[in-house]
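Okay everyone, thanks for coming. I have one structure to walk through today, so let's put it on the screen.

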Amino acid sequence: MSNSFNARATINVGSRAYTIYRLDSLAGIGCDLHRLPYSLRILLENLLRTEDGMVVTADDVRALANWNPQATPNKEIAFTPARVLLQDFTGVPAVVDLAAMREAMRTMGGDPRKINPLQPAELVIDHSVQVDAFGSDTAFDINTHLEYERNRERYQFLRWGQTAFRNFKVVPPETGIVHQVNLEYLARVVFTTGDGADGETPVAYPDTLVGTDSHTTMVNGIGVLGWGVGGIEAEAAMLGQPVSMLIPKVVGVKLTGRLREGATATDLVLVVTQMLRNHGVVGKFVEFYGAGLSGLPLADRATIANMAPEYGATCGIFPVDEETLRYLRFTGRSEELVALVEAYMKEQGLFHTADTPEAEYSETLELDLSTVEPSIAGPKRPQDRVLLAEAKTSFYDAMRLLNSTAASGTAPKVVGRWEGEGGQIEDGQRLEDFSKDPSAVRFTMKSAEHILHHGSVVIAAITSCTNTSNPSVMIAAGLLAKKAALRGLTSKPWVKTSLAPGSKVVTEYFNRAGLTPYLNQLGFNTVGYGCTTCIGNSGPLPTEISNAVAQGNLVVCSVLSGNRNFEGRINPDVKANYLMSPPLVVAYAIAGRMDIDLQNDPLGIDADGDKVYLKDIWPTQLEVQQTIDEALQSDMFRASYSEVFTGDQYWKAISIPEGELFAWENDSTYVKNPPYFTDMPKDAPTQIDDLAGARVLAILGHSVTTDHISPAGSIKADSPAGRYLIEHGVQPKDFNSYGSRRGNHEVMMRGTFANVRLRNRLAPGTEGGFSTYLPTGEVTSIYDAAMRYQADGTPLVILAGKEYGSGSSRDWAAKGTRLLGVRAVIAESYERIHRSNLVGMGVLPLEFMQEENGDVLGLTGHETFEVLGLRDLFADGFPADRNVKVRATREEGGCIEFTTRVRIDTPQELLYYRHGGILQYVLRQLLAGNTEPEVISKGMATIADAAEGGIPT
């Protein structure tokens, strides 16, 4: 490594010496360190430490050290994260790919043991538990048993991986949610290379990471820089490829004041999400500063950082300060680590105090915490914040938007009545009582008759790392449940209630506070330690409820303390989904409906016949804090994480295959050897060919998310994936979710573009994964159409609008696209990760020129497409101007020619594309004898152009 700025130095912490790369060594080139935002100082240290004259040059260091806050991002740098964080949905296919690379390495005559993560990789199994059982003391045991029963093959594979691969650790199931485990245990804040036992002085440097989950940003709350990337990019980072990024703009958010009585951290993050989404922070870093930090607990900071994808930022970071040190000690980190963090951060000018000068930012916003009011967000997007006081009328407004997917004739009639009556609430009466509307459905459950109607809450879930990591909102939920239970209130019988803590510490402090019995009394029994409802693992609704919803084509609701409420995500029977704090989740479970004014309407009637209002049972801040002080103790963290990698009796009982190569089971429906390396020649193609004879598989609109593209949620029996599983002896009750089957490409490619809410204009009048097989005009599933095209030897293209691929970081959105035979996507704009992942899978991302799109050009999707000039464009390297012609030939004759921008953004990405994908590129490099894959430029891009839309992950 180079040391152009004499940055290498030594510090002593206690009895140990550490090598560091001093940031103040850059004063000689005019760098005013305190002018730089905290996040950029972290990046600057990263460049100083990894400067090698090739991937990271002295000019790169100078460019960042002299950062211009107002400059349009155009300088590319290479970020080398200290580690990679995986969860099992995205982690399993990453490890499957590594195992497949080992297989291919052996087939090609190489040494399979060369295939290992080169950076530390930690995987937390948290996405596989599903809420099958709920509302009983046996719910946890039943769900755990079913989880292991369904996922035995995946878990066996991961146990093998933990023994076969170096630099790879697995946190077993039912331990906690990946981001909460990261926050409470895995995060180091300051990383070190070794312990000095080999005689070498260990290097100390800031803990940084990329993760295969968009909410990796939660760890920003503890001062650790990192963000979510696609599984393909994570694999690249694990295999030594740097993360390419433009030096970003940084938006500073100045916090002042304190939260007032009645407002929670969840309310705060919904305000921040709406504020920053409206401001526009796509492709930017967000950094929080100001006097308000002093009164903001670290758990609240983590809640805000967690939702960076929802407000659109790459990260949402807080600086290290005394609160960080307090949290590290309280969560059981060693005194040696805490001392190192304090000494290192202060030495490097990275420690925040009240006297710390304010940095310069590209833009600044200010938020007075005392102005935050109780809020919810929905019914479709996390940024659609609604004041709790306006939630009732907001739901009526939402019905206007949802009526196209509600009962034809029912919802329009109701809306018409609202409008005919002037849309006003008079004399405190309901605008419309859906329970008395003709659309309402009477049903019987457990020998009692009930009514389900538009606005009924059918799912109430305390779930997601966003809030289950925060004791203040969790304790508030428990106290509210206690007060409600003591007044004789219960959750409505049609509400599927669940509590999925993010770590076992939550259970410990609920037990110590005596709140568990009251949560159980209201049906909020612990169902598992994992993501559950927030990622679509809500499990099926009771049959009686599901049938009633279908009978009335009802717009029913879920309430959850999560971070995502995209259409079709939570449950296929539920069209309206609302994010809110855990205590509000409990309140709405008691109410059983969204069309209620919780501030003025009673929640219910107590045992004495008196009306009970939300204000009667809402805990005060003092009550919450006193309970936290009494119930939450540091020893809980040490006990919960003392054997974090050991697992329970189920995990220990799983047999582990031996050997450096995985023993693939031919009949496995969970883990299969993917076809990425089938018939792959040792040498890469020397040129890039044009594309000809392509047909359109789908024409999609704006804001198509990776939830629409990638397989997610439950698997329907009559879907291509469902039929495949049935053909392989799997009964529908054992289908599990798409996420749990990400290690089986046969299932995943059948579920690509199969979202029930996808609308493909090439199959008008349909909703879901349908397309038209153009040679015959037959409307069929997208998968079946794609397979017929593959049999014909016909390449495919996708036409799309703006913000294509926004949402969660899903590698299968790109993998499935490629396996279906899609060779190119032409969109108006892309989300950063999905575009990069398409390149990483050998799919060509093309972008319409400004002011052009398929409609403007008159494309119908029935044309035959050619992409012209690719070979010539890249014949002499990587050109600055990357435009190519596309010719669309009409069925009836004639053609449309238009120019598109090739969104291969870096020379390294061009290498990946020419090799057919990043995995093929790395395999060929290692096969050629390189100990690490050669890097010619910065790597895979992960930071979007600020002009791009979508929700970065």
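I'll start with the aromatics: F157, W160, F165, F662 and W664 form one cluster. Keep in mind as we go that this is a predicted model.

Inside that cluster, look at F157 and F662. The two rings are edge-to-face, with 4.8 Å centre to centre and 85° between the planes. F157 sits in helix α4, residues 139-164, while F662 is in the loop between α23 (649-652) and β26 (691-699), so this pair ties together parts that are 505 residues apart in sequence. Are these two buried or exposed? F157 is buried, at 0% relative accessibility, and F662 is buried too, with a relative accessible area of 7%.

Here's another pair, F395 with F434, again edge-to-face: 6.2 Å between centres and 85° between planes. F395 belongs to helix α12 (391-402) and F434 to the loop between α13 (410-420) and β18 (441-445), so here the parts tied together are 39 residues apart in sequence. Both F395 and F434 are buried. And how many aromatic pairs are there by this rule? The count comes to 27.

Some rings also have a charge over them. The charged end of R49 sits over the ring of Y205, 3.9 Å from its centre. R326 lies over the face of F330, and there the distance to the ring centre is 5.8 Å.

Okay, cysteines. How many disulfides does a search of the whole structure find? Zero. Take C465: the nearest cysteine sulfur is that of C531, 5.9 Å away, and C465 is in no disulfide. The cut-off for a disulfide is 2.5 Å between the sulfurs, if anyone wants to compare. C465 is buried, by the way, with a relative accessible area of 4%. Then there's C557, whose closest cysteine sulfur is in C534, 17 Å off, so that's too far for a bond. C557 is buried as well, at 0% relative accessibility.

Now some backbone oddities, and please zoom in on these. First up is a cis peptide bond joining G378 and P379, with omega about 10°. P379 is in the loop between β16 (375-377) and β17 (385-387).

Then we have positive phi values in residues other than glycine. S464 has phi near 85°; you'll find S464 in the loop between β20 (457-462) and α14 (465-468), and it's buried at 2% relative accessibility. T532 has phi near 45°. That residue, T532, lies in the loop between α17 (516-521) and α18 (543-552), and T532 is buried with a relative accessible area of 1%.

Last topic: empty space. The whole-structure search gives four cavities of 30 Å³ or more. The largest cavity holds about 250 Å³. Which residues come closest to its centre? Those are Q87, H127, D213, I535 and R569, out of 26 residues that line the largest cavity. What's that lining made of, by class? It has 15 polar residues, six nonpolar and five charged.

That's my tour. Let's rotate the model and take questions.

How values were computed: Residues are numbered from 1 along each chain as its sequence is written. This is a predicted model: local features need pLDDT of at least 70, side-chain atom pairs count only at pLDDT 80 or more; totals for chains, interfaces and linings use all residues. Side-chain values use heavy atoms; hydrogens and water are left out. Buried means under 20% relative accessible area, exposed over 50%, partly exposed in between (1.4 Å probe, protein chains only). On a 1 Å grid over the protein atoms alone, a cavity is a set of points where a 1.4 Å probe fits but cannot get out, and a pocket is an open set with protein on both sides within 12 Å along at least five of seven lines; lining residues have an atom within 4 Å of a point. Grid points are joined across faces, edges and corners, and a volume is the space filled by probe spheres set on the points. Ala, Val, Leu, Ile, Met, Phe, Trp, Tyr, Cys and Pro count as nonpolar, Asp, Glu, Lys and Arg as charged, and the others, Gly among them, as polar. Rings of Phe, Tyr and Trp (its six-membered ring) pair if their centres lie within 6.5 Å; planes under 30 degrees apart count as stacked, over 60 as edge-to-face and the rest as tilted. Helices (H or I, at least four residues) and strands (E, at least two) are DSSP runs, numbered from the N terminus. A charge sits over a ring if NZ of Lys or CZ of Arg is within 6 Å of the ring centre and within 35 degrees of the ring normal.
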